Amino acid sequence: MRFCRFICLACCLSSLALAEKQTETQKALEEAKSEKATTEEASFKKTVRRGPLFDALESALRKNKEILAAQNELMAIHENRVSAASAFRPKASLNAKYQNSTKKERRNKMSDTDINTRQGYEDSMTSYGIGVSQNLFHGFSDVATLKETDLSIKARWYNYEAKKQEVLRNVAILYFAILAKRDEISHLRALLESRQNSKEVADWMYKTGAVKYLDVSQAIAAVSETESKLAKAAAEYVAYCAQFKELSGYEVPQELSVPEKMFDENLTEKQAFEIAKNNNPEIIAATHTLAAAKAAIKKPNPEFMPSVDLSYSFDQARNHSKKTRNHQSDKLHETGNTVALSVTVPLYDGGTARAKRREYIKMATKAAVDKEKAIEDVQTQISSTWASMAAAKQSLLSARKAVEARQLALHDAEEEYKSGVKIISDVLEAQEKLFEAKYMETQAEHDYFASQCRANALIGRMSAKYLKLKESDFSYKEHYQMTKKRF
């Protein structure tokens, strides 16, 4: 009878303990959900305003060395337009010439009137004038050259845009890497604090004789291992900040916020490719390069195509000759105006024009292949990026669920260790698994944001206009309009 009562009492105590444990587990779960909701709310509030990322992107547009170098290169290329347009402008030249010649003669011929005659001549000539020539028609080769130059410059514009979007993409990805590294450091600090608390619990239980010193030594080793990971993560964070400053010219602030929404998550892969065909700067640059190559086919002046040139010159010449022996001198003053219209019809130039034409045709064929390749590359990258983005999003959702589960598992392990059911290694393992779950969540979030930045760059939306960034004062279109008016 007593034995039955004892069993009933034990069952009751066990039920109470289990109910209390479930209550504590539910409380921990509610606290975790509440903490997550608070974090999400805070994150939402941060995304309402434009944060440091956009300041860094604007700074990169003004200070990045690659962008500045591309600007100067583009400004130099604009001068090609002036060179190409010079074929339609008149050519003027001023010439001046002075010539002095002296001649001496000695004759040994004997005659009745002259014995050993010596004579000398001194001539001096001064001339100056001005000439003007104008190209009237060169077989449309000058028109083709000018058109090719304009299209080549426009292709360089979009190469410059591609460089800017590449830099902005790298700045954004590095910013998310810094955010992830900060989160990792925060998780490591929380892990270190938990393991230090576990070490204190192990010390207390060892002093009371509940556990052996093995638990204390394992706790000390876990603390040392976490301190090492924290130091390594801090060093990597410093390196990331240095790269970020070099790339953007912007100091990483003490407080970083999650940026506002930069990408339309509802955009399908097919829609993205259609947008990329009209907005991707590399595809647009390839299109202009192809058009320039087609225009270049007409550059060589074909055989039997006449050339017409008009020229005018004004010349003045003064000639003074003096005969020294008989003191005879002669002065001549000439003034002339010349107007010439020349027409040239080439008959055969050794095949140079036709060879050049064939060369430009092959270059145009290559440009067409390059354009198709650029489109296919973008399509392949879009498919890869969209797959990566979907995988990163799924990993992020899974990691968040894993964090919740690991938090509950750690809470249970700590409580069971205090009650003597589990050993310290179980607690340390639960702490490590919680850190790994949080780390995986951070990495998945970083991968998701990074893939969004790559997707934006692929469809041509990683631009200052789309992101509403304030650019530098340099405008390649305005500079081109200013340059083309020079002569």
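In the predicted model, the buried residues of helix 3 pack against three other helices, namely helix 2 (52-63), helix 4 (141-207) and helix 11 (476-484). The residues of helix 3 that count as buried are Ile 67, Ala 70, Gln 71, Leu 74, Ile 77, His 78, Arg 81, Val 82, Ala 84 and Ala 85. Helix 3 itself spans residues 65-85, and its 21 residues reach 32 Å from the first C-alpha to the last, close to the 30 Å expected at 1.5 Å a residue.

Helix 2, one of the partners of helix 3, comprises 12 residues and reaches 16 Å between its first and last C-alpha atoms, close to the expected 16 Å. Nine of these 12 residues are buried, so helix 2 is largely enclosed by the rest of the structure. The buried positions are Pro 52, Leu 53, Phe 54, Ala 56, Leu 57, Glu 58, Ser 59, Ala 60 and Leu 61. Through its buried residues, helix 2 packs against helix 3, helix 4, helix 5 and helix 10.

Helix 4, against which the buried residues of both helix 3 and helix 2 pack, also forms a contact with helix 7 (residues 281-296), at an angle of about 165 degrees and with the axes 8 Å apart. Since angles over 145 degrees count as roughly antiparallel, helix 4 and helix 7 are therefore roughly antiparallel to each other. Their crossing is left-handed. On the side of helix 4, the contact involves Ala 144, Lys 147, Glu 148, Leu 151, Ser 152, Lys 154, Ala 155, Tyr 158, Asn 159, Glu 161, Ala 162 and Gln 165. These residues meet Pro 281, Glu 282, Ile 284, Ala 285, His 288, Thr 289, Ala 291, Ala 292, Ala 295 and Ala 296 in helix 7. By residue class, the contact of helix 4 with helix 7 divides into 12 nonpolar, five polar and five charged residues.

A second helix pair is formed by helix 5 (residues 213-248) and helix 9 (residues 424-458), which pack at an angle of about 20 degrees with their axes 9 Å apart. Because angles under 35 degrees count as roughly parallel, helix 5 and helix 9 are roughly parallel to each other. Helix 5 passes helix 9 in a right-handed crossing. The contact brings Asp 215, Gln 218, Ala 219, Ala 222 and Lys 229 of helix 5 together with Ile 424, Ser 425, Leu 428 and Glu 432 of helix 9. Four nonpolar, two polar and three charged residues make up this contact of helix 5 with helix 9. Helix 5 contains 36 residues and reaches 53 Å from its first C-alpha to its last, close to the 52 Å expected at 1.5 Å a residue. Gly 249 follows helix 5 and has a positive phi, near 70 degrees.

Helix 9 also contains Asn 456, which counts as buried at 1% relative accessibility. Excluding residues up to four places away in sequence, Asn 456 touches Gln 165, Met 262, Phe 263, Arg 461 and Met 462. Of these, Gln 165 is also among the helix 4 residues that meet helix 7.

A positive phi is also found at Lys 468, where the value is near 60 degrees in a residue other than glycine. Lys 468 is located in the loop between helix 10 (464-467) and helix 11. With 67% relative accessibility, Lys 468 counts as exposed.

Phe 137 lies in strand 2 (residues 118-137) and is partly exposed, with a relative accessible area of 23%. When residues up to four places away in sequence are not counted, Phe 137 touches Met 305, Pro 306, Ser 307 and Val 308. One of these partners, Pro 306, is 169 residues from Phe 137 along the chain, while the C-alpha atoms of the two residues are separated by 7.8 Å.

For the protein as a whole, 11 helices and four strands are assigned. Of its 487 residues, 35% count as buried. Among contacts between residues at least 6 apart in sequence, 84% join residues at least 24 apart.

Conventions:
Residues numbered from 1 in each chain as written. Predicted model: local features only at pLDDT ≥ 70, side-chain atom pairs only at ≥ 80, totals over all residues. Heavy atoms only, no water. Axes fitted to C-alpha atoms, helices over the stretch in contact; angles between N-to-C directions. Helix = DSSP H or I, 4+ residues; strand = E, 2+ residues; numbered from the N terminus. Parallel < 35°, antiparallel > 145°, perpendicular 65-115°, else oblique. Left-handed = near helix turned anticlockwise from the far one by under 90°. Contact = heavy atoms within 4.5 Å. Nonpolar A, V, L, I, M, F, W, Y, C, P; charged D, E, K, R; others polar. Expected span 1.5 Å × (residues − 1). Buried < 20%, exposed > 50% of the residue type's maximum accessible area, 1.4 Å probe, protein only.
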